[in-house]
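Colleague: Before I go back to the bench, please take me closely through the interior of this protein, and through whatever ties its parts together there. I would like one connected account rather than a list.

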Amino acid sequence: MKQIIAALCVAASLASCASQKIASMASAQVQEDTIQEALFHQWFAAEFDNHEQHWQDNISKEKEPDLQVHEHIHHVFAPLATPALEGTTYFVKQYMDGDPNKVYRQRLYQFVQNEEKGALQLNIYRFKDEAKYADAHLHPEVYQSLSTDEITTYPGCEVYWRYNGEYFDGTMGQDTCSIVSKRSGKKIFFNDTLRLTDNEIWIADKAADEDGNYVFGNKAGIPHKNRKVVYFTGWGGTRIGGKDAPEDAKWVFNRDLLLHNEGQIVPLQDAKTGEKSGYSIQLALLTYQNTFDPIFKLGLIDDASGKTITYIWSDRTNPTTGMNLRWMQAGLKIKEKRPHFSF
């Protein structure tokens, strides 16, 4: 009997130890998930742009006519708390050609931990009333009253993010995301693969119909490689009439310039009257073919022709830049607060 009791005590002790070990491992995993999720949001919350990729594709296409040029896309991933939803939520705005008015997608993103899949799960919601929630990142109060009746999602279109020790991989279930096309009546299947680093987000989204026919996406499988933008603030102005104008000609001037370093073009116009000078400035990170050196460019553009008439370049890490042509002057420095956002 004593031996049986002793055996039971040992078994109970082992069970207790095993239980404690499992609880400890679970606690460590939760802690690790929390750390990784914090890192994800630190990297993800920003604006991203693939200006250089688009620019480079257009140059390469001159030698490779069949090359598929990546569209120029700008992404706004703005953290915006949504009381109606658990987890961490964002307002998302994506537009084309550097033009905020060319919006092609506006969404609400929700991130929650999925312990079963061992991933940070992204649920993507569409607004039923797009106009009501346009530029919601500039009007966060509208999210406070948002209800789940005002949004909808497509089951199977979730994205699962996992950290591999270097960056986050984002994947969807193969062919789990689909809709029926109103135009063709066929089912369209969507598949995305993504990568998030501290400075870039790569997005390779593609779609094919139920017969396997191409709908959209890069046919070579090359993702849109978007870099995290950095905004600059500063001042700039020119004489009306440009370099050929007399020295006593009228100037237009603006002390509240705001533009990012991924190809954004901002006109030089008078801050008070809105009078245009006929010139714009552009900041861009580029790599020229004849040197293969990555540079930070400040260019002056003639609005009439759309051509860059002069530019200066410096190291990409430069926190300030400027130009003085006597008839045109500008000075810019990195935005002090929220440099990765325009607001």
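Modeller: I will begin with helix H2, whose buried residues pack against strand S1 (46–49), strand S13 (224–228), strand S16 (262–269) and strand S17 (276–287). Please bear in mind throughout that this is a predicted model. The helix itself spans residues 51–60, and its buried positions are His-51, Glu-52, Gln-53 and Asp-57. An α-helix has 3.6 residues a turn, so residues three or four places apart point the same way.

From the helix we can turn to the nonpolar interior. The largest nonpolar core contains 30 residues, and Phe-44, Phe-111, Trp-161 and Leu-196 are the ones with the most contacts inside it. Strand S10 (residues 187–196) supplies the largest share of this core, namely four residues. A second core lies apart from it and has 18 residues, including Val-230, Leu-285, Leu-298 and Leu-300. As for Phe-44, if residues up to four places away in sequence are set aside, this side of the picture is filled in by its contacts with Phe-77, Tyr-90, Tyr-109, Phe-111, Leu-196 and Ile-201.

A covalent tie comes next. The structure holds one disulfide, which joins Cys-157 to Cys-177 with an S to S distance of 1.9 Å. The torsion about its S-S bond is about 85 degrees, so the disulfide is right-handed. Because Cys-157 sits in the loop between strand S6 (151–152) and strand S7 (159–163), while Cys-177 belongs to strand S9 (residues 177–180), the pair ties together parts that are 20 residues apart in sequence. Both cysteines, Cys-157 and Cys-177, are buried.

The loop that carries Cys-157 is followed by S7, and the pairing of S7 is worth tracing on each partner in turn. With strand S5 (residues 119–127), S7 runs antiparallel and is joined by three bridges; here Gln-121 stands opposite Tyr-160 in S7. With strand S8 (residues 168–171), S7 also pairs in the antiparallel sense, over four bridges, and Tyr-163 stands opposite Phe-168 in S8. S7 and S8 form a hairpin with four residues between them, and in that turn Gly-165 has a positive phi of about 95 degrees. When you look along these strands, remember that in a regular strand the side chains alternate between the two faces of the sheet.

Technical notes. Residues are numbered from 1 along each chain as its sequence is written. This is a predicted model: local features need pLDDT of at least 70, side-chain atom pairs count only at pLDDT 80 or more; totals for chains, interfaces and linings use all residues. Side-chain values use heavy atoms; hydrogens and water are left out. Buried means under 20% relative accessible area, exposed over 50%, partly exposed in between (1.4 Å probe, protein chains only). Helices (H or I, at least four residues) and strands (E, at least two) are DSSP runs, numbered from the N terminus. Contact means heavy atoms within 4.5 Å. A nonpolar core is a set of buried Ala, Val, Leu, Ile, Met, Phe, Trp, Tyr and Cys residues joined through side-chain atoms within 4.5 Å. A disulfide is a pair of cysteine sulfur atoms within 2.5 Å. Two strands pair if DSSP finds at least two bridges between them.
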